[in-house]
Amino acid sequence: MNSPQMIVDATPAPSARDTLGIVWRRGWAFIVVLALCLGVTALVTKYMPKEWSPQASLLVQPQPPGLAGADQNTRDAVQMESPATEMQLLQTDQIAARSLDWAQRNSNGLAVPTLSTKRFLKILDVENPQGTQLITISVTYGDPQVATLLTNAVAHAFLQYKRELVDEYATSAINNLAQRVAVAKEKYAQALAAETRFKEKYGLTDIGAQQLALLGAYNNLSESIRQLETKIAGEQQTYSLYKQQLAAENDAIVKNRTVIDPDTISQDQQQYNAAVQQLQQDRLKYTPLYPGIIPNDEARVKMAKEKLDRDLAAIVNSKIPSLNNHTQLQQNYRLALVTLLADQKQLAQATEQQASIADKLKTLPLLYEQYQKLEQNLDSAQGVYKQLKNSLDSAYANRAAAQPNIQIAQLATVPSDPSSPVIWRNYAFGALIGVVLGIATMLLLEQNDSRVRSLKIARRMLPGPVIGTLPRISGAQMRALQAGEAVGPIAEAYSLARANLALALRDISHEDLGGSQVVMVTSALPGEGKSITVTSLARSAARAGKRVILVNADLRHPSINQIFRTNEKIGLAEVLIGAVSAEDALVSSDTPYLTILHSGTPDRNPSDLLALPTMAELIAYLRKEADLILIDTPPCSVVADALVLAPLCDCILQVVSLDMADQVTTLETAEALRAAEPKKLLFFINRSDTRTARNYHSYYYYSQNGKSARNGHTPEKDKPAVPSLAPETNASEEIALPQEEEGSNQ
């Protein structure tokens with residue numbers, strides 16, 4: 001048989017109906033994402049500031065004027081460049097900084113924002129109309145007057161830059177010399193700063209006084225280290241003594257397996273008095289019609305008395321350790337440990353300080369040698385800087401006049417209409433993002449959801465017959481079902497499942513044990529409805545005249561007491577350990593012919609308790625007392641209790657809840673149960689969607705007044721179809737329901 005993962009992967013590609021199911025289940029996610037995107041778009045559009053984009057023009061001239069009489073170097077510096085090159089220059093950080101500075105100086109009282117060059121370049125747009133020598137400049141901003149000022153600032157700043165560029169090339173020699181002066185000045189400043197930092201870092205004043213101070217500190221630390229080492233040696237002895245005493249005390253507690261605690265005697269006395277009081281009340285309350293009750297109470301009184309006597313004897317025994325002495329010894333041990341660790345840390349710090357002082361004493365002579373080298377570098381850098389500065393002061397010359405190849409063709413004027421936002425474009429973009437994200441969210445949610453969604457999928461994947469289905473029910477219907485008062489399609493669903501279960505078990509008979517069968521009911525996950533299913537099947541079988549025993553083997557989270565509204569404390573756990581007999585633990589229920597063995601109170605791991613040999617003996621005894629034994633067990637994917645009981649049962653009924661059960665987990669649970677080799681492995685489906693079959697199901701509903709409900713007058717609307725069970729089925733067969741019921745519950 002294929003593995004569970006292979007079975008899931010073998011699912012056919014989604015059909016049109018499956019696609020509609022996905023849209024039906026996940027359409028809310030699409031709507032939420034789309035609405036969220038549109039809402040964000042509306043919010044962004046509402047609060048998006050308006051922006052204006054005025055425009056100015058620059059003309060790139062083929063031959064710059066004013067070069068008559070200029071030398072060749074100047075002519076080369078201002079030679080004509082293409083509009084593409086000028087556009088690249090306009091979008092540099094240098095021009096952006098110049099433009100911002102020009103705008104600040106020429107604002108005329110207008111509040112100019114403080115922008116970084118990167119931010120300014122983002123709002124600057126430079127274009128070259130095709131086939132022209134024009135360059136258009138536009139700055140987008142939220143204030144039309146500020147946008148106009150910034151646009152014109154770019155034009156003026158770029159024109160000024162081009163003029164300075166001509167002057168720069170004409171005086172390249174002066175600039176080169178100025179750069180050398182700047183470098184020399186920087187080197188001089190660096191040498192001076194290095195000397196200052198070195199003196200401040202090492203505090204170079206009087207080497208003799210510094211050395212004597214370091215030696216005194218070193219000797220003081222040496223004395224402190226010797227004192228700490230002596231102190232730590234004594235603390236280690238105290239710590240070792242407390243550690244040995246505590247170990248001996250712990251060994252005594254382990255060997256005696258008890259410790260003297262006065263509170264235990266008080267609790268034992270209270271338990272004994274309560275048991276005696278309960279025995280007196282039972283003697284007055286119970287009659288001979290309830291045999292076996294009084295002896296059990298007398299046994300509890302005897303057990304409480306024996307425990308009280310043992311604890312009193314332990315108080316008298318002087319070899320048993322005292323709880324108070326043990327607590328005081330632990331406190332002394334922790335105090336000694338904390339003191340020892342603190343002194344050890346202090347010793348480590350003192351040792352580290354002593355080593356640092358020793359290093360300083362070794363390196364002190366070398367510091368003065370390094371300081372002398374820094375002084376030599378400072379004198380050399382100062383001499384070079386003074387020489388270059390004098391040369392620069394005498395190197396200035398007249399600059400030749402020249403005009404750049406850029407002229408302002410048109411300055412920007414204040415626009416009347418904003419350029420953004422564009423509302424229709426924002427909403428179209430938001431809707432597109434919403435549709436894409438919505439579809440992606442739907443597919444992602446569906447891809448990550450491997451739950452069993454429909455009865456059709458459940459039938460295809462389950463490796464065994466389905467004996468019945470229960471439609472989705474309301475809270476009121478669930479309360480009625482727990483109270484055993486369900487009618488209409490709910491009651492008929494369990495009656496149908498009970499009949500199919502009887503057909504499936506008719507070839508399983510134990511003649512030597514009265515022909516009774518044991519059915520274990522479990523599920524893959526908690527919350528799939530196994531307990532209410534086994535309770536309803538037990539009530540249905542009992543109403544049909546069968547002697548039924550319902551065993552609550554879910555010792556971890558028992559719910560039978562809650563369903564039957566009882567508070568039985570004694571049950572299966574006490575029977576398995578031999579505290580009570582099975583006959584005394586069985587109690588009657590609110591349904592005739594239905595007897596219940598509650599879970600009881602386990603004193604150990606439930607899996608270990610159910611694995612005791614007494615469990616097999618108990619089932620053998622129950623076979624003689626009833627026609628059908630139903631066992632409620634915990635979910636298989638959580639604990640191993642059900643797998644422990646599986647070999648003792650004739651049939652296993654796995655409850656699967658649609659829209660909750662995971663496909664892989666459900667199939668893995670079924671495979672684990674099949675490994676126990678039961679004679680039958682059956683399935684019951686909860687939360688089934690049977691809307692398509694409601695028209696003809698209502699014809700045979702049984703009403704509370706004992707008459708058939710016909711012509712649409714039914715107590716309930718939803719009713720599962722009657723499945724047919726073949727006389728012989730195997731693990732690969734399934735109980736077929738009518739085709740109308742197989743619609744998936746999308």
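This report describes a predicted model of a protein chain, moving from its overall make-up to some of its sheets, helices and individual residues.

## The chain as a whole

The protein chain contains 25 helices and 12 strands, and buried residues make up 40% of its 746 residues. The surface that the protein chain exposes comes to about 41,600 Å², of which carbon and sulfur atoms supply 54%.

Contacts in the protein chain can also be sorted by how far apart the partners lie in sequence. Among the contacts with a separation of 6 or more, 83% are accounted for by residues that are 24 or more positions apart.

## An open antiparallel sheet and the helix on it

Strands of a sheet pair through backbone hydrogen bonds, and the pairing may be either parallel or antiparallel. In this model, 4 strands form an open sheet in the order β2-β3-β1-β4, with antiparallel pairing. The edge strands are β2, which covers residues 124–127, and β4, which covers residues 406–410, and each of them pairs on one side only. From one strand to the next, the twist of this sheet averages 25°.

Within the sheet, strand β1 (residues 55–60) and strand β3 (residues 134–139) are joined in the antiparallel sense over 5 bridges, and in this pairing A56 stands opposite I137 of β3. Helix α4, formed by residues 83–90, packs on the sheet and touches β1, β2, β3 and β4, while its direction makes about 20° with that of β3.

## Strand β10 and its parallel partners

Strand β10, made of residues 628–632, is mostly covered, since 5 of its 5 residues are buried. The residues of β10 point in two directions, with L628, L630 and D632 facing one way and I629 and I631 facing the other way, and all of them are buried.

Two further strands pair with β10 in the parallel sense, as the following bridges show. Strand β6 (residues 517–523) runs parallel to β10 and is joined to it by 5 bridges, and here V518 stands opposite I629 of β10. Strand β7 likewise pairs with β10 in the parallel sense over 5 bridges, and in that pairing V551 stands opposite I631 of β10.

## D554, in the loop after β7

Where does the chain go between β7 and α18? Strand β7 spans residues 548–552 and helix α18 spans residues 560–564, and the loop between them holds D554. This residue, D554, is buried, with a relative accessible area of 5%, which is therefore below the limit of 20% used for buried residues.

The side chain of D554 makes a polar contact with the side chain of K530, at 3.2 Å. When neighbours within four places in sequence are left aside, D554 is in contact with K530, S599, D632, T633 and P634. One of these partners, D632, belongs to the group of β10 residues that also includes L628 and L630 and points one way from the strand.

## Helices α16 and α17

The axes of α16 and of helix α17, which covers residues 530–543, come within 9 Å and cross at roughly 75°. The two helices, α16 and α17, are therefore roughly perpendicular to each other. On the α16 side the contact is made by Y494, S495, A497 and R498, and on the α17 side by I532, T533, S536, L537, S540 and A541.

Helix α16 runs over residues 488–504 and includes P489. Is P489 buried or exposed? With a relative accessible area of 2%, P489 is buried. P489 and P471 are 18 residues apart in sequence, and their C-alpha atoms are 8.1 Å apart in space.

## Two loop residues with positive phi

Most residues other than glycine have a negative phi. N108 is not a glycine, and yet its phi is positive, at about 55°. N108 is found in the loop between α5 (93–105) and α6 (117–123), and it is exposed, with a relative accessible area of 77%.

R565, another residue other than glycine, also has a positive phi, with a value near 60°. R565 lies in the loop between α18 and α19, the latter covering residues 572–576. Like N108, R565 is exposed, and its relative accessible area is 68%.

Definitions and conventions
Residues numbered from 1 in each chain as written. Predicted model: local features only at pLDDT ≥ 70, side-chain atom pairs only at ≥ 80, totals over all residues. Heavy atoms only, no water. Buried < 20%, exposed > 50% of the residue type's maximum accessible area, 1.4 Å probe, protein only. Polar contact = N/O pair within 3.5 Å; in protein donor to acceptor, adjacent residues only side chain to side chain. Contact = heavy atoms within 4.5 Å. Pairing = 2+ DSSP bridges. Axes fitted to C-alpha atoms, helices over the stretch in contact; angles between N-to-C directions. Areas by Shrake-Rupley, 256 points an atom, 1.4 Å probe, with all protein chains shown as cover. Parallel < 35°, antiparallel > 145°, perpendicular 65-115°, else oblique.
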